[in-house]
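Dear colleague,

I am handing over the structure below, and would ask you to look it over before you read the notes that follow.

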Amino acid sequence: MLDSLGTSLQTRFERLGQLTDLDDAIVQKCRAVELTPDEHPNKPDKLTNLGIALRNRFERLGDLTDLEDAITHTRVAINLSPVGHPRNQTGHVNLGISLRDRFKRLGETADLEAAIVQDRRAIELTPEGHPAKPSRIGNLGVSLFARFQHLGDSADLEDSIVQTRSSIDSIPDGHPAKQMQLNNLGTSLWARFNRLGELIDLEDAIAQLRLVVDLTPDRHPAKPHRINHLGAALQARFKCLGEPADLQEAIERGFRAIGLVSDNHPDRLRIFFNTGLAMES
């Protein structure tokens, strides 16, 4: 009952954004974990749910203690779950995400390496045809791209592109996860263009980013960022080929993003800056 109350409070937090609901959810979930014996079959689920709530609060407030606690609870959940059990798979997924978040915060290569191990383990344990498998493959693609950015090994970039394409191919059209993976693919292809200078990669990146923008509803908070990303790629092609149509589209996309961005959006200044660059060109 305590765990269920915590879940309901967390759901209300996700809907309304009131931090007090998330704080209360964590209190209830902590109490549920404390009262549940290790041998209870539902203890791993309670630990996993607590870990997710703590990671959510870390994303909101940036307190590293929450992320450390999330990692600890998730590791315990994995250890208490039978290998191959769905909750064991979920544990590896969540642990990989939390380790990658800690890498982003602290820059420790060991965390990123461990995240990749967890991503691969989650994929290995997930049966073919499972609806969550594409997103888990996509997680691996994200981690590999992060390692490429960190260490500069082109093999990681190539593997990231392969994994992301595989994820996209398995996600049904119209599924929200497809937008994110298409965006990731566009970013990786653009990075390969910057590394190798092959125009076909930039062309493919623009095609993927256009598709992302078309699939993203105007009300989606990521739409301004995605439009801006496409505009920057179009500016890059303009510099290569000198086609005025690319520059014109980049400017039009920039004004579209400005029209959608809120005053407190984290990408607001970047969108204005990139649009200004396009107009100066």
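The notes below cover the largest pocket, a helix pair and the largest cavity.

This is a predicted model, in which local features need pLDDT of at least 70, side-chain atom pairs count only at pLDDT 80 or more, and totals for chains, interfaces and linings use all residues. Residues are numbered from 1 along each chain as its sequence is written, and side-chain values use heavy atoms, with hydrogens and water left out.

The largest pocket (on a 1 Å grid over the protein atoms alone, an open set of points with protein on both sides within 12 Å along at least five of seven lines) has a volume of about 730 Å³, a volume being the space filled by probe spheres set on the points, which are joined across faces, edges and corners. Its lining (residues with an atom within 4 Å of a point) comprises 28 residues, with R100, K104, V142, M180 and N184 nearest the centre.

Among the helices (DSSP runs of H or I, at least four residues, numbered from the N terminus) that give two or more residues to this lining are α5 (86-106) and α7 (133-151). The axes of α5 and α7 (lines fitted to C-alpha atoms over the stretch in contact, with angles from 0 to 180 degrees between N-to-C directions) come within 11 Å and cross at roughly 25°, so the two are roughly parallel (angles under 35 degrees).

The largest cavity (points where a 1.4 Å probe fits but cannot get out) has a volume of about 40 Å³, and α11 gives the most to its lining, with five residues.

Best regards

Technical notes
Angles under 35 degrees count as roughly parallel, over 145 as roughly antiparallel, 65 to 115 as roughly perpendicular and the rest as oblique.
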